[in-house]
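User: I'd like to learn how to read a structure like this one, feature by feature. Can you walk me through it?

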Amino acid sequence: MKQLIYDIKHLHTNYGQKPVLDIHALHVHEGEILGLVGSNGSGKSTFLRHLAFLEKANSGTLLYKGLDQEHLSLHVKREIGILLPEPYLLKRSVRENLCFGLHVRNDTQNIEKRLDEALELVGLIPKKFLHRAWHELSSGETQRIALASRLILKPKTLLLDEPTNSLDINGIPQFTEAILHANREWGTTIVIASH
């Protein structure tokens, strides 16, 4: 049986007096792909921020690999990648954006190969994009670079909030294949929220 990644019980979140989340129980296992579907304002983004430990619920239990937020080390938290619906890049080149997470983790082996692989996974030609500045990218290219910056880290868990919002119809299959590649090749657990 695959390892339990998330163990969630009686998770409640309110914004002021307004209830946003009320999850009785949910288990997510290693290597699963889980889709969250709901209308705008249904709590999907809030839930993903909880799963990334960026925001804390008002009550309940949220464990990642058996540990709560207070007991998760930075190393374990870094296993989780999140892509928000309106990604922002550093005001730097594509190369610098992709390398940022690697440098923070002091993980710079085979960097050129990893840069090429990450861009090719999202359907961008490395020679054409590595030296582009952040402001030279379209919104769809920015979305792809943002995903590539997560994929280059080979996350154990990848949380995607409306990941294809900025993509044209031709970009969606490549984006989908990149996500499936992470799941198939690296065993990445995927949680996708969409309306």
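**Reading the model, step by step**

Analyst: Let's begin with one residue: S93 has a relative accessibility of 17%, so it counts as buried, the cut-off being under 20%. Keep in mind that this is a predicted model.

User: Where does S93 sit, and which residues is S93 in contact with, leaving aside neighbours within four places in sequence?

Analyst: S93 is in the loop between β5 and α3 (94-104). Its contacts, with those neighbours left aside, are L130, H131, R132 and A133.

User: Let me try another loop residue. Is E79 buried or exposed?

Analyst: E79 is buried, because its relative accessible area is 15% and the limit is under 20%. E79 belongs to the loop between α2 (74-77) and β5 (80-83). Not counting residues up to four places away in sequence, E79 touches Y64 and K65, and also P155, K156 and T157.

User: Now the sheet. How do I read the strand order and the pairing?

Analyst: The general idea: strands of a sheet pair through backbone hydrogen bonds, either parallel or antiparallel. Here, 4 strands make an open sheet with parallel pairing, and the order runs β3-β7-β6-β5. The edge strands are β3 (33-37) and β5; each has a single partner strand, so one side of each has no neighbour in the sheet. From one strand to the next, the twist averages 10 degrees.

User: Over how many bridges do β3 and β7 pair?

Analyst: β3 pairs with β7 (residues 189-194) over 5 bridges, in the parallel sense. Within that pairing, I33 stands opposite I190 in β7.

User: Which helix packs on the sheet?

Analyst: Helix α6 (residues 139-151) does, touching β5 and β6 (157-161). The direction of α6 makes about 175 degrees with that of β5.

User: Last one: how do I look for empty space inside?

Analyst: Rolling a probe the size of a water molecule over the atoms shows where empty space is left. In this model there is 1 cavity of 30 Å³ or more, and the largest cavity holds about 40 Å³ of space.

User: Which residues line the largest cavity, and which helix gives the most to the lining?

Analyst: The lining is made up of R114, E117, A118, L121, L151, I152, K154 and W186. Helix α4 (residues 111-121) gives the most, with 4 residues. Sorted by class, the lining has 5 nonpolar and 3 charged residues, and no polar ones.

Methods:
Residues are numbered from 1 along each chain as its sequence is written. This is a predicted model: local features need pLDDT of at least 70, side-chain atom pairs count only at pLDDT 80 or more; totals for chains, interfaces and linings use all residues. Side-chain values use heavy atoms; hydrogens and water are left out. Helices (H or I, at least four residues) and strands (E, at least two) are DSSP runs, numbered from the N terminus. Buried means under 20% relative accessible area, exposed over 50%, partly exposed in between (1.4 Å probe, protein chains only). Contact means heavy atoms within 4.5 Å. On a 1 Å grid over the protein atoms alone, a cavity is a set of points where a 1.4 Å probe fits but cannot get out, and a pocket is an open set with protein on both sides within 12 Å along at least five of seven lines; lining residues have an atom within 4 Å of a point. Grid points are joined across faces, edges and corners, and a volume is the space filled by probe spheres set on the points. Ala, Val, Leu, Ile, Met, Phe, Trp, Tyr, Cys and Pro count as nonpolar, Asp, Glu, Lys and Arg as charged, and the others, Gly among them, as polar. Two strands pair if DSSP finds at least two bridges between them. Axes are lines fitted to C-alpha atoms, for helices over the stretch in contact, and angles run from 0 to 180 degrees between N-to-C directions.
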